[in-house]
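Thank you all for coming. I would like to take a few minutes to walk through one model, and I will start by putting it on the screen.

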Amino acid sequence: MEGTHTMPETITPAVPPTPPVPLSALLAREDLALRRLAGPTDPDIAVHWAHASEMADPYPYLLGGELLLTAGVHIPEDAVSGACPGYFDDYVSRIVAAGGAALGFGVAPVYDTVPRALVDACEAHGLPLLEVPPRTTFSGVARAVWQLMAQARTAELRRVTQAQQSLASAAAQPDPVPSVLRRLAQRLSGRAVLYGPDGTEIAAAGREPAQGAGEALAALADVVRPDRPAPATGRTPQDGHRPGPSGPQHGSTGAGAPRPAPASATDTLGETHLAAYALGAGEGFVLGVAAGRREPGDHTIASVAAVLLTLLTGEQHSGTGAARSSALVRLLLGAAPESVAPLLGEGRWLVVHARREAQPPDAVAASALGAALGSALVDLGHDVVRVLVPAGREPAPQPGWTLGVSAATDPREWPAADTQAARALARARATRTPLVRHDHRRGLAELVPCQEAEAHARALLGPLLGRPELAETLRTWLSLHGSWDRTAVALGVHRNTVRQRIARCAALLDADLDDMDVRMELWFALRQR
């Protein structure tokens with residue numbers, strides 16, 4: 001035997017996108033005539049793929065989960081005779097460390113029987129050893145593995161499809177939430193629970209598969225609930241993956257501190273498999289599942305149920321949708337915005353104007369933008385989306401969008417905030433900035449009484465009365481320091497149109513627009529409009 005090897009940590013099999021094959025299913029194939037010689041007889045031993053290798057050290061070439069097939073070409077003669085007693089022990093331990101599922105030894109043409117030392121090593125390390133008879137080729141074993149995988153995949157897809165149809169049918173029942181939970185519990189042969197934002201059990205179906213599973217499932221639900229407190233001690237459940245570019249979320253910022261919640265998490269309690277799924281409505285609802293076994297496709301089935309429950313527990317069923325409808329009706333009937341605002345939430349508000357640069361926004365894109373900004377109060381216009389956002393949720397730049405954000409205002413100032421957001425968006429587009437906020441700092445304009453400022457603005461801008469396109473072009477041109485190109489971009493017109501409008505403004509106002517004092521006076525007046 002050549003030297004020794006440092007034993008690395010046993011690796012976890014890299015799971016392929018197909019279901020594994022039970023080793024017992026391969027042994028049951030009469031056409032293969034495989035025979036177990038050593039190792040455990042656990043029916044749960046699974047094979048993810050088959051791989052033939054005659055390397056003396058197969059560890060670097062294994063991914064884990066393989067049925068490794070060998071004819072023993074790599075075995076030196078002194079290992080069989082007993083002169084090198086550690087060879088088989090080292091060989092088998094390397095396969096186990098690589099995560100190999102089983103070893104298949106082909107008898108003939110190199111060896112007529114499986115070496116006894118190999119049998120003993122597999123038994124000692126707990127690696128299933130199969131004898132492959134001469135009439136069975138390694139390619140035939142590999143083909144059988146893939147055939148069984150295809151059969152399992154077809155059965156899994158059929159089961160998932162039937163479950164999807166069943167859950168969708170349950171969601172259409174008069175009592176949709178309990179119906180979906182009952183159907184899910186039946187499909188997974190376990191218990192399904194819907195937890196509210198405060199952690200209370202809202203509805204449940206099925207029986208707990210083990211004592212204490214209810215408490216463990218409720219604790220797991222806290223893991224995926226948004227703004228959950230990080231546990232100070234105790235074992236950490238297996239965090240699931242969150243959709244989106246950030247990937248999985250792990251760890252915490254310290255005991256008791258809020259930390260980002262994963263979209264799903266799994267854990268075990270004895271023989272019971274636990275899973276929790278955060279519902280996508282963002283209201284803190286969580287679906288919990290406890291089952292005595294975990295079959296391929298269970299995660300997909302539970303995820304479908306989570307999507308349906310997200311729709312069923314969304315704002316139209318939580319009271320928020322009703323409040324929004326009431327607010328709209330009151331506004332249409334003449335109520336003041338400040339009297340309607342409490343139905344939508346307390347505090348001050350921001351108005352956001354957003355424009356999608358690649359293509360005009362549609363309803364789906366507008367809703368997605370609103371969700372990203374933390375508000376369902378979205379208005380889809382021809383080319384601009386307006387979102388009313390609580391002031392506590394500070395907007396951030398959004399990929400593919402240009403945003404203009406108003407100052408935080410009370411409801412009675414919403415119209416002014418809408419104007420601020422529109423101007424901020426125009427400036428953001430002109431400067432090619434993803435997000436521009438309205439500058440609400442106090443300036444010299446506040447030194448002049450409002451009525452006097454308005455009177456001055458009416459007198460100075462009188463010649464532009466009834467010509468809003470000229471006034472807006474002049475305001476934008478002044479805000480962009482007289483840039484023809486940036487003004488054209490902001491207004492969505494040709495630069496020559498900007499030149500013609502500015503020249504017309506200069507003529508109507510009888511003003512020298514190259515004079516900075518004149519520009520300052522006009523800017524002051526335009527801000528009072």
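I will go through some backbone details, then a charged patch, and then the aromatic rings.

Before that, a word on provenance: this is a predicted model, so local features are taken at pLDDT of at least 70 and side-chain atom pairs at pLDDT 80 or more, while totals for chains, interfaces and linings use all residues. Residues are numbered from 1 along each chain as its sequence is written, and side-chain values use heavy atoms, with hydrogens and water left out.

Let me begin with the backbone. Ala108 and Pro109 are joined by a cis peptide bond, with omega at about 5 degrees, and Pro109 sits in the loop between strand S6 (102–106) and helix H4 (116–125); helices here are DSSP runs of H or I with at least four residues, and strands are runs of E with at least two, numbered from the N terminus.

Ala33, which is not a glycine, has a positive phi near 55 degrees, and it belongs to the loop between helix H1 (23–27) and strand S2 (35–38). With a relative accessible area of 30%, Ala33 is partly exposed, where buried means under 20%, exposed over 50% and partly exposed in between, using a 1.4 Å probe and protein chains only.

Asp510 is likewise not a glycine and has a positive phi, of about 50 degrees; its place is the loop between helix H17 (495–509) and helix H18 (516–528), and at 73% relative accessibility Asp510 is exposed.

That loop brings me to the charges. Asp514 lies in the loop between H17 and H18 as well and is exposed at 65% relative accessibility. On the surface, Asp512, Asp514, Asp515, Asp517 and Glu521 gather in a patch of negative charge, a patch being made of residues with over 30% relative accessible area and no salt bridge (no Lys or Arg side-chain nitrogen within 4 Å of an Asp or Glu carboxyl oxygen), with like charges joined within 9 Å.

Finally, how many aromatic pairs does a search of the whole structure find? There are 5 aromatic pairs, counted when ring centres lie within 6.5 Å, with planes under 30 degrees apart called stacked, over 60 edge-to-face and the rest tilted. The rings of Tyr87 and Phe88 have centres 5.6 Å apart and planes at 85 degrees, so this pair is edge-to-face. Tyr87 and Phe88 are both buried, and ring pairs link them with Tyr91 into a cluster. Trp477 and Trp484 form a tilted pair, 5.4 Å centre to centre with 35 degrees between the planes; Trp477 is buried at 3% relative accessible area, whereas Trp484 is partly exposed at 23%.

Notes: Patches are made of residues with over 30% relative accessible area and no salt bridge: like charges are joined within 9 Å, nonpolar side chains (Val, Leu, Ile, Met, Phe, Trp, Tyr) within 5 Å. Accessible areas come from the Shrake-Rupley method with a 1.4 Å probe; for residues, only the protein chains shown count as cover. Lys and Arg count as positive and Asp and Glu as negative; His and the chain ends are not counted. The place of a charge is taken as NZ of Lys, CZ of Arg, CG of Asp or CD of Glu. Rings of Phe, Tyr and Trp (its six-membered ring) pair if their centres lie within 6.5 Å; planes under 30 degrees apart count as stacked, over 60 as edge-to-face and the rest as tilted.
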